[in-house]
Amino acid sequence: MVEYEIDKVSFRLKTHHDLTWIKKYGTVFSVIDETGSGCISFGIADGADKYFVKIAGVDTVDAEISPAESVETLKNAVQMYQILKHPNLVELLEHYAYQDYYAAVFRWVEGGCLFDYWNFEKYEKNPDILSPAARFRQLPNEQKLSAVENIFSFLEHVATNHYTAVDFYDGSLIYDFETDRITICDIDLFRSQPAVNDIGEEYWGTKRLKAPEEYMLGSVVDEITNVFTLGAMIFDFFGTFTSEEIGLRYTDNRFLPCPIERWCLGKEAYFAVSKAVEHDRKKRYRTISEFHKSFQLAVTAR
């Protein structure tokens with residue numbers, strides 16, 4: 001492991017890499033180095049603008065793939081940021097190869113990531129500091145519903161363009177508490193349709209939100225899968241789960257809704273979202289749009 005510092009911002013990598021070339025964008029003010037993707041990302045400001053610079057091929061400490069694989073993943077991803085351009089998707093400004101690396105430069109988005117795992121230790125040591133996820137769950141329902149509407153809009157856009165959201169979870173979302181704006185910040189592993197689970201149980205995604213087919217080798221992963229993912233996410237936004245219930249998602253490889261007594265949008269919405277997370281995919285909504293319409297009607301009825 002090698003420790004580095006640029007502009008008083010510290011980070012770690014498995015092996016030596018000279019990343020001082022990123023200084024051409026300005027002064028580094030933040031870093032995310034604990035990633036399984038093999039990418040390191042920097043927040044950089046030049047006085048007028050801020051950028052989010054993502055670099056593949058650096059061999060991060062927690063990398064789950066090789067540097068070469070991370071480069072290929074990011075190369076493929078930048079095409080999707082262009083194809084799936086959307087008001088709620090982070091804006092890609094440029095991308096290019098540099099030496100053995102690949103860089104993607106995005107416009108900086110203000111706010112907090114709704115699953116900022118790199119800060120978990122800080123929250124444990126300072127219980128008075130609320131994580132963005134905790135702050136988001138404390139927001140009035142109407143504000144959270146507005147965010148959900150934007151997520152529906154984006155996933156409908158993804159489906160219309162014949163893509164499937166893969167590894168889409170709360171860590172893919174940034175919420176700006178000043179403007180009440182939600183931004184999708186990570187679509188690197190999305191796939192064009194048709195797509196299948198070619199990995200098995202360890203297929204991309206958090207066990208907190210994964211659909212059953214995302215554990216089964218050879219299973220179709222499609223819009224119906226995305227219905228499940230979004231349904232599970234909505235349950236986490238508007239329901240309350242015990243730590244034991246969340247733990248079962250990891251041990252049993254299965255998401256279950258919270259009891260209706262711990263749900264805050266009314267019984268119609270509860271049953272509408274429950275259909276989205278049916279274990280049997282044949283019982284789910286066939287499309288994100290169908291789920292969206294059902295959810296809107298149910299929320300209006302509460």
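Okay, let's start with one pair of side chains: lysine 23 and aspartate 7 meet in a salt bridge, 2.8 Å from N to O. Lysine 23 sits in the loop between strand S2 (9-13) and strand S3 (27-32), while aspartate 7 is in the loop between strand S1 (2-6) and S2, so this pair ties together parts that are 16 residues apart in sequence. Before I go on, please keep in mind that this is a predicted model.

So, buried or exposed, how does lysine 23 count? At 36% relative accessibility, the answer is partly exposed. Aspartate 7 also counts as partly exposed, at 30%.

How many salt bridges does the structure hold? There are 14. Let me show you another: glutamate 110 and lysine 50 meet through their side chains, at 3.2 Å from N to O. Those two link distant parts of the chain, 60 residues apart, with glutamate 110 in the loop between S7 and strand S8 (112-113) and lysine 50 in strand S5. Glutamate 110 is partly exposed at 40% relative accessibility, and lysine 50 is partly exposed at 37%.

Then there's glutamate 213 with arginine 281, where the closest N and O atoms are 2.9 Å apart. Here the link spans 68 residues, from the loop between strand S12 (191-192) and H5 to the loop between H7 and H8. Glutamate 213 is buried, with a relative accessible area of 3%, whereas arginine 281 counts as partly exposed at 22%. And this pair has company: Glu213, Asp222, Arg281 and Arg284 are linked in a network of salt bridges.

Now, over to the strands. Take a look at strand S7, residues 101-107, where 6 of the 7 residues are buried. Which strands does S7 pair with? Strand S5 (residues 50-56) runs antiparallel to S7, joined by 6 bridges, and strand S6 (residues 92-98) pairs with S7 in the antiparallel sense, over 6 bridges. On the S5 side, valine 53 has valine 105 as its bridge partner. On the S6 side, tyrosine 98 stands opposite tyrosine 101. S6 and S7 make a hairpin with 2 residues between them, and in that turn glutamine 99 has a positive phi of about 55 degrees.

Next up is helix H8, residues 288-301. With 14 residues at 1.5 Å each, H8 should span 20 Å, and its end C-alpha atoms are indeed 20 Å apart. Its buried residues are Ile288, Phe291, His292, Phe295, Ala298 and Val299. Looking down the axis, you'd see them fall within an arc of 135 degrees, so they line one face of the helix. Turned away from that side are the exposed residues Lys293, Leu297 and Thr300. And what do the buried residues of H8 pack against? Helix H4 (141-160), helix H5 (223-238) and helix H7 (267-276).

That takes us to the largest nonpolar core, which has 65 residues; Ile234, Trp263, Phe291 and Phe295 touch the most other members. Several elements give two or more residues to this core, including S7, H4, H5, H7 and H8. The largest share comes from H5, with 9 residues. As for tryptophan 263, leaving aside residues up to four places away in sequence, its contacts include Ile234, Phe235, Phe238 and Tyr270.

One last thing: there's a second, separate core of 22 residues, and Trp21, Tyr25, Val53 and Tyr101 are among them. You've met two of those already: Val53 is the partner of valine 105, and Tyr101 stands opposite tyrosine 98.

Definitions and conventions. Residues numbered from 1 in each chain as written. Predicted model: local features only at pLDDT ≥ 70, side-chain atom pairs only at ≥ 80, totals over all residues. Heavy atoms only, no water. Buried < 20%, exposed > 50% of the residue type's maximum accessible area, 1.4 Å probe, protein only. Helix = DSSP H or I, 4+ residues; strand = E, 2+ residues; numbered from the N terminus. Pairing = 2+ DSSP bridges. Expected span 1.5 Å × (residues − 1). Arc of directions from axis to C-beta. Contact = heavy atoms within 4.5 Å. Core = buried A, V, L, I, M, F, W, Y, C linked by side-chain atoms within 4.5 Å. Salt bridge = Lys/Arg side-chain N within 4 Å of Asp/Glu carboxyl O.
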